[in-house]
Amino acid sequence: MAEPGALRNLTRGTVVAARVATASSLWARFVGLMGRPSLGGDDGLWLPGTNGIHMFFMRFPIDCAFLGAPDPEGARPVLSVRRSLPPWRGIVWFVRGATGVVELPAGSLDRTRTTVGDRLKLGAAAD
């Protein structure tokens with residue numbers, strides 16, 4: 001996995017997660033967060049090149065945001081959100097137009113007021 005960077009909500013002026021790792025290989029995207037006992041409160045996982053996820057073998061609930069293609073500034077629009085997805089609930093259906101998904105601790109989207117239409121940008125680690 002690639003070095004973590006911060007995920008910022010440019011629309012709301014918030015840091016959604018300070019440390020978001022990138023699952024850059026097919027295997028890393030498949031494994032995702034499976035088998036981990038938890039996800040740190042300010043951590044996340046960016047799954048580029050996918051428009052759907054599953055919750056099989058997950059031990060904890062997560063939020064996820066499905067993001068579209070980046071604009072010229074590198075910000076991506078939020079196309080769909082799923083809040084507090086329970087573990088072991090199967091497949092989260094594909095989101096049309098999504099070019100990646102970010103997985104976050106449950107409650108992250110509400111805490112940062114992130115919703116459909118917001119612009120998110122993954123970049124350097126948060127201070």
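Select Glu-73 to begin: with a relative accessible area of 54%, this residue is exposed (over 50%; buried is under 20%, and partly exposed lies in between, with a 1.4 Å probe and protein chains only). The model is predicted, so local features need pLDDT of at least 70 and side-chain atom pairs count only at pLDDT 80 or more, while totals for chains, interfaces and linings use all residues. Residues are numbered from 1 along each chain as its sequence is written, and side-chain values use heavy atoms, without hydrogens and water.

Next, add Arg-119, whose side chain meets that of Glu-73 in a salt bridge (2.9 Å, N to O), defined as a side-chain nitrogen of Lys or Arg within 4 Å of a carboxyl oxygen of Asp or Glu. Glu-73 lies in the loop between S5 and S6 and Arg-119 in strand S9, 46 residues apart; strands are DSSP runs (E, at least two residues), numbered from the N terminus.

Then select Asp-71, which also forms a salt bridge with Arg-119 (2.9 Å, N to O). Asp-71 is in the loop between strand S5 (62–67) and strand S6 (76–85), so its pairing with Arg-119 ties together parts 48 residues apart in sequence. Asp-71, Glu-73 and Arg-119 are thus linked in a network of salt bridges. Asp-71 is partly exposed at 26% relative accessibility, and Arg-119 is partly exposed at 27%.

Move now to Arg-19 and Asp-43, joined by a salt bridge (2.8 Å, N to O). Arg-19 belongs to strand S2 (residues 14–22) and Asp-43 to strand S3 (residues 43–48), 24 residues apart.

Finally, select Phe-94, in the loop between strand S7 (91–92) and strand S8 (100–105). Phe-94 counts as exposed at 60% relative accessibility.

Definitions and conventions. Helix = DSSP H or I, 4+ residues; strand = E, 2+ residues; numbered from the N terminus.
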